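Work through the exercises below with the model in view. Try each task before reading its solution.

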Amino acid sequence: MSRTRAAFTIVQNEPDWLPVWLRYYSRHFDARDLFVLDHDSAPAHAAALDEARAAGATVVPVHRQASFDHRWLRSTVERFQRFLLGSYSVVAFAEADEFLVVDPVLHPGGLEGLCDSMEREGKPYLRASGFNVVQGPDEPAYDWQEGGPLLASRSRWRADPWYDKTLVTRVPLRYGLGFHRLRNAAQALPEAGLYLAHLHRFDREQCLRKHREQAARPWNPADLASGAGFQNRFVDGEEFDTWFAAGKTVEEGTWAEIPAFARRAI
């Protein structure tokens, strides 16, 4: 496994997703080249960070009084990406519930092989095709204590161009809020065979629990005023269920069966 590549994420209170993120990305990167930016996680959530350290990843504390300060979040990720590119030839960034999945038919070497071809062909960055995985009304809740493959319990995902993100790069990038678009480079076409599985709505009860915890944090007033991150404040009742089932009102794409390679990957 090449040590010329690194992956990182940023978290605050992620007892469910951070262990999954670490298990997944440690299959594609040396654990010593995985980095977790910890935004003031509460002591009650320290176990996931301890697990990251025990696995060989590096946990880097970052501080900001307000949660969901999207501009601070963006600049923190941009600066750390630039820092890592001083030591690594390729850097991947993904939030804790985002998983870069590669079609092995198009890229037999998986994510590692895709990075190889990226460097050979001189591509500066790669954009993934985004898909939301949403628990269906007839699908069981995931057993977070027992663990096990996640997508084996889910049958469908939905294309969402808003999550066509550019997350694998050889050059420093500047992002729009939420990392959906680029500010300093042309928006590339999605790379064939590279997918971003977004699992925010993978499990209804976990999602609702997470929203309630997030909504109770001190939010940046500017984000509250602008509506940034509004979906993270749906915490109960019909409003939450409507959002959970349908996502954003502008969400595009049709439901499709999750490919077998993705179901096996995560």
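**Exercise 1. Two helices that meet**

Find which residues of α5 and α7 meet, then classify how the helices cross.

Solution.
- Start with the contact. From α5 come R204, C207, L208 and H211; from α7 come F240, D241, W243 and F244.
- Sort these residues by class. The contact of α5 with α7 holds five nonpolar, one polar and two charged residues.
- Keep in mind that this is a predicted model.
- Locate the helices. α5 covers residues 204–215 and α7 covers residues 237–246. Their axes come within 12 Å and cross at roughly 125°.
- Classify the angle. An angle over 145 degrees would count as roughly antiparallel, and 65 to 115 as roughly perpendicular. α5 and α7 are therefore oblique to each other.
- Add the hand. The crossing of α5 and α7 is right-handed.

**Exercise 2. A second helix pair**

Describe how α1 and α2 pack.

Solution.
- Take the geometry. α1 (residues 17–25) and α2 (residues 46–55) have axes 9 Å apart, at an angle of about 15°.
- Classify the angle. Angles under 35 degrees count as roughly parallel, and α1 and α2 are therefore roughly parallel to each other.
- Give the hand. α1 passes α2 in a right-handed crossing.
- List the contact. L18, P19, L22 and R23 of α1 face this task's other helix, α2, through A48, L49, E51 and A52.
- Count by class. The contact of α1 with α2 has six nonpolar residues, no polar ones and two charged ones.

**Exercise 3. The open sheet**

State the strand order of the six-stranded sheet and explain why one side of β3 and of β6 has no neighbour.

Solution.
- Read the order. The open sheet runs β3-β2-β1-β4-β9-β6, with mixed pairing.
- Look at the ends. β3 (58–62) and β6 (125–127) are the edge strands, and each has a single partner strand, so one side of each lacks a neighbour in the sheet.
- Note the twist. From one strand to the next it averages 25°.
- Check the pairing on either side of β2. β1 and β2 run parallel and are joined by five bridges. β2 (residues 34–39) and β3 also pair in the parallel sense, over five bridges.
- Pin down two partners. T9 has V36 in β2 as its bridge partner, while D38 stands opposite P61 in β3.
- Place a helix against the sheet. α3 (residues 70–84) lies across β1, β2, β3, β4 and β9, running at about 160° to β1.

**Exercise 4. Buried or exposed?**

Decide whether the residues of β2, and then T166 and F99, are buried or exposed.

Solution.
- Recall the pattern. In a regular strand, side chains alternate between the two faces of the sheet.
- Apply the pattern to β2. L34, V36 and D38 point one way, and F35, L37 and H39 point the other way; all are buried.
- Move to T166 in β9. Buried means under 20% relative accessible area. T166 has 2%, so T166 is buried.
- Look around T166. Beyond four places in sequence, its contacts include Y125, L126 and R127.
- Finish with F99 in β5 (residues 98–102). Its relative accessibility is 0%, so F99 counts as buried.
- Look around F99. Beyond four places in sequence, its contacts include W17, V20, W21, Y195 and I266.
- Compare two separations. F99 and E78 are 21 residues apart in sequence, and their C-alpha atoms are 19 Å apart in space.

Definitions and conventions: Residues numbered from 1 in each chain as written. Predicted model: local features only at pLDDT ≥ 70, side-chain atom pairs only at ≥ 80, totals over all residues. Heavy atoms only, no water. Pairing = 2+ DSSP bridges. Helix = DSSP H or I, 4+ residues; strand = E, 2+ residues; numbered from the N terminus. Axes fitted to C-alpha atoms, helices over the stretch in contact; angles between N-to-C directions. Contact = heavy atoms within 4.5 Å. Left-handed = near helix turned anticlockwise from the far one by under 90°. Nonpolar A, V, L, I, M, F, W, Y, C, P; charged D, E, K, R; others polar. Buried < 20%, exposed > 50% of the residue type's maximum accessible area, 1.4 Å probe, protein only.
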